[in-house]
Structure formats: C-alpha cells, structure tokens
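Biologist: I am new to this structure and should be grateful for a close look at one part of it. Please choose one helix and follow its surroundings outward, step by step.

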Amino acid sequence: MDNYDTLTITEATAIQKDLRQRVDTADRPLAIRLIGGADISLNLYSTTIYAGIIVLSFPELRPVGWSLVQAETRFPYVPGYLAFREVPALVAAWKQLPEKPDVLVIDGHGIAHPRRMGIAAHFGVETGQASMGCAKKLLTGSYQEPGLAVGSYSPILAGTEQIGYAFRSKTKVAPVFVSPGHRVGMDNSLAVIRQCVGRYRIPEPTRLAHELVNRFRRSELAEGWSAC
DNA sequence: GCGACAG
DNA sequence: ATCTTGTCGC
C-alpha cells in the first residue's frame with residue numbers, strides 16, 4: 001500500500017475504485033494565496049524520474065520556491081494508470097515543501113478519467129490536499145470545440161456526466177483540459193485555471209513545473225527544496 | 001472484435 | 001515523456 005511498483009493492473013484498478021469513494025469534488029469558495037504546479041521529467045527508456053513542484057504567489061504567479069526529487073519507478077506508463085508511476089515521487093516532493101500551496105495543479109487529468117481517478121484526484125485523496133488536473137490531451141470523454149477566442153470553454157462529457165472542461169488558454173490554439181482533483185469543484189477548477197494563464201498555451205503552474213523538472217533532469221538544478 | 005489511449 | 005530545425009500562419 002506504500003509501494004506501487006509491483007501492483008498488477010487488476011490491483012491498481014481496485015485501488016482506484018476505492019479512492020474514488022473518498023474524492024471531494026464539491027465547489028466551494030477558494031481563498032488562494034499560493035498555488036503549486038507539479039510535473040515529472042524522464043529520459044526515454046529510463047526508470048529514473050525527476051519530480052518537481054513549483055510554488056507561485058497568487059494571483060501574481062511569481063515563483064516563491066520549489067521542491068525537486070529524483071526517484072525510481074518500476075510501474076510502466078499505462079494510459080489510465082499514470083498515478084501509480086508518478087504519484088510516489090510527487091508525494092515525496094510535496095512532503096519536502098516547508099509551506100504548502102493552497103491548490104496544486106498537476107500535469108494530467110483529475111476526474112476526467114475512465115474511473116474518475118486520474119493522477120490529480122489520486123494525489124489529492126492520498127495527501128488530503130486540494131488538487132486539480134490540467135492536461136494537454138483528452139484521455140476519456142468528449143467535448144464540443146470551444147469558441148476560438150481565449151477564455152472560451154466547453155464541458156467534457158462522459159455520457160451525461162460532466163467530468164471537466166476544455167479550456168481555450170490562447171486564441172486559435174488547441175485547448176487544455178482541466179478537471180477537479182480533490183477538494184476542488186468543477187467550476188472551481190475552471191476559475192483557477194482562468195487566473196493562471198500567462199502568455200503561453202500551458203497555464204503558468206504546470207508550464208513552470210515542466211521547465212523546472214527539465215532543468216533538474218539536465219543537472220542544472222539540485223535535488224531538495226529551494227526558495228526563490 | 002475494433003479503436004482509443006494523460007505522461 | 002524525450003529527441004530537434006526549419007517553417008507556416010497570424
């Protein structure tokens with residue numbers, strides 16, 4: 001229950017079904033002072049992963065610190081089971097943060113997942129922290145193309161159930177897909193991401209986290225915690 | 001059975 | 001996920 005490396009897909013599926021019963025996706029007033037971005041980086045064919053979390057002031061979106069952790073993963077990348085590969089390292093990076101952000105945006109989906117337990121929801125339930133997902137590609141569900149103007153959005157549907165939003169972060173550019181993780185509601189997830197848009201398609205939390213872990217993988221940064 | 005398939 | 005330069009389009 002602590003090491004995911006030897007799990008079978010059947011066992012992983014059972015864990016997702018169990019975690020699903022504990023997710024809290026109710027909308028609520030969010031008072032955000034700090035927001036985090038989480039991502040991992042790796043070399044092709046390597047079992048070593050570089051996980052990182054960057055913390056930004058909100059709503060200014062200025063980096064205030066980060067946490068980096070190098071780890072080994074045995075669990076392969078299997079669509080629908082990304083959490084079993086990346087969450088352990090992200091949790092280690094999370095625990096290392098001296099001050100936790102109010103909401104963590106993770107690269108990947110929240111409940112926009114076949115069993116409503118994508119990496120962001122999984123991480124949130126496991127740590128008890130508010131989290132949401134922001135992915136570059138759809139995993140499951142369908143959506144109508146949002147208007148071409150920045151800020152446009154449309155719901156991601158799984159039958160009649162809404163599981164997220166397709167959000168246009170840049171005019172005439174492919175949308176990003178956001179969804180609640182834990183302790184963040186559907187509308188909350190959209191409101192948060194709207195306030196995280198900088199000059200690029202990828203919202204600042206995950207964009208900066210991606211940049212961070214890549215520099216870490218290339219040995220330009222050291223493992224551990226650092227303030228900006 | 002067939003196609004789809006986060007990072 | 002990662003490897004990479006130029007090039008098309010607004």
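Modeller: One definition is needed at the outset: a residue counts as buried when its relative accessible area is under 20%, with only the protein chains considered. The model is a predicted one.

The part chosen is helix H3, which spans residues 119–127. Seven of its nine residues are buried, and the helix is thus mostly covered. The buried residues are Ile119, Ala120, Ala121, His122, Phe123, Gly124 and Val125. Their cover includes two helices, H1 (9–20) and H2 (83–95), together with the strands S4, S5 (131–135) and S9 (176–182). After the helix comes Gly128, which has a positive phi, near 80°.

From H3, the path leads to strand S4 by way of one residue. Asp107 belongs to S4, which covers residues 103–107. Beyond its neighbours within four places in sequence, Asp107 is in contact with Ile119, and also with Ala38, Asp39, Cys134, Lys136 and Thr206. Asp107 has a relative accessibility of 16%, and therefore it counts as buried. Its side chain makes a polar contact, at 3.1 Å, with the side chain of Lys136.

Ile119 and Lys136 both lead on to the DNA. Around DNA strand B there are 18 residues, and the closest are Tyr77, Gly80, His109, Ile119 and Lys136. Of the atoms of this strand that come within 4 Å of the protein, 45% belong to sugar and phosphate. Two backbone approaches to the bases may be named. A polar backbone atom of Ile119 is 3.1 Å from a base nitrogen of DNA strand B, and one of Leu82 is 3.2 Å from a base nitrogen of that strand. Lys136, by contrast, places a backbone N or O atom 2.9 Å from a phosphate oxygen of DNA strand B. By class, the surface near this strand has eight nonpolar, five polar and five charged residues.

Lys136 also appears beside DNA strand C, where the surrounding residues are Ser41, Leu42, Leu44, Lys136, His210, Asn214 and Arg217. Here sugar and phosphate make up 73% of the strand's atoms that come within 4 Å of the protein. Polar side-chain atoms of Lys136 and of Ser41 each lie 2.9 Å from a phosphate oxygen of DNA strand C. For Asn214, a side-chain N or O atom is 2.7 Å from a phosphate oxygen of DNA strand C. Two elements give two or more residues to this surface, namely strand S1 (34–42) and helix H5 (204–217). H5 gives the largest share, three residues.

Strand S1 opens the last stage of the path. Gly37 lies 7.8 Å from Asp107, C-alpha to C-alpha, although 70 residues separate the two in sequence. The residue opposite Gly37 in strand S2 is Ile54. S1 and S2 are antiparallel and are paired over nine bridges. They form a hairpin with five residues between the strands, and Tyr45 in the turn has a positive phi of about 70°.

S2 covers residues 48–57, and ten of its ten residues are buried, so the strand is largely enclosed by the rest of the structure. In a regular strand, side chains alternate between the two faces of the sheet. In S2 both faces are covered, with Ile54 among the buried residues on one side and Ile53 among those on the other. S2 also runs antiparallel to strand S3 (residues 63–72), to which nine bridges join it.

Key: Residues are numbered from 1 along each chain as its sequence is written. Chains are lettered from A and ligands numbered from 1 in the order in which they are written. Side-chain values use heavy atoms; hydrogens and water are left out. Helices (H or I, at least four residues) and strands (E, at least two) are DSSP runs, numbered from the N terminus. Buried means under 20% relative accessible area, exposed over 50%, partly exposed in between (1.4 Å probe, protein chains only). Contact means heavy atoms within 4.5 Å. A polar contact is a pair of N or O atoms within 3.5 Å; within protein, one must be able to donate a hydrogen and the other to accept it, and residues adjacent in sequence count only if both atoms are side-chain atoms. A residue is near a molecule or strand if one of its heavy atoms lies within 4 Å of it. Ala, Val, Leu, Ile, Met, Phe, Trp, Tyr, Cys and Pro count as nonpolar, Asp, Glu, Lys and Arg as charged, and the others, Gly among them, as polar. Two strands pair if DSSP finds at least two bridges between them.
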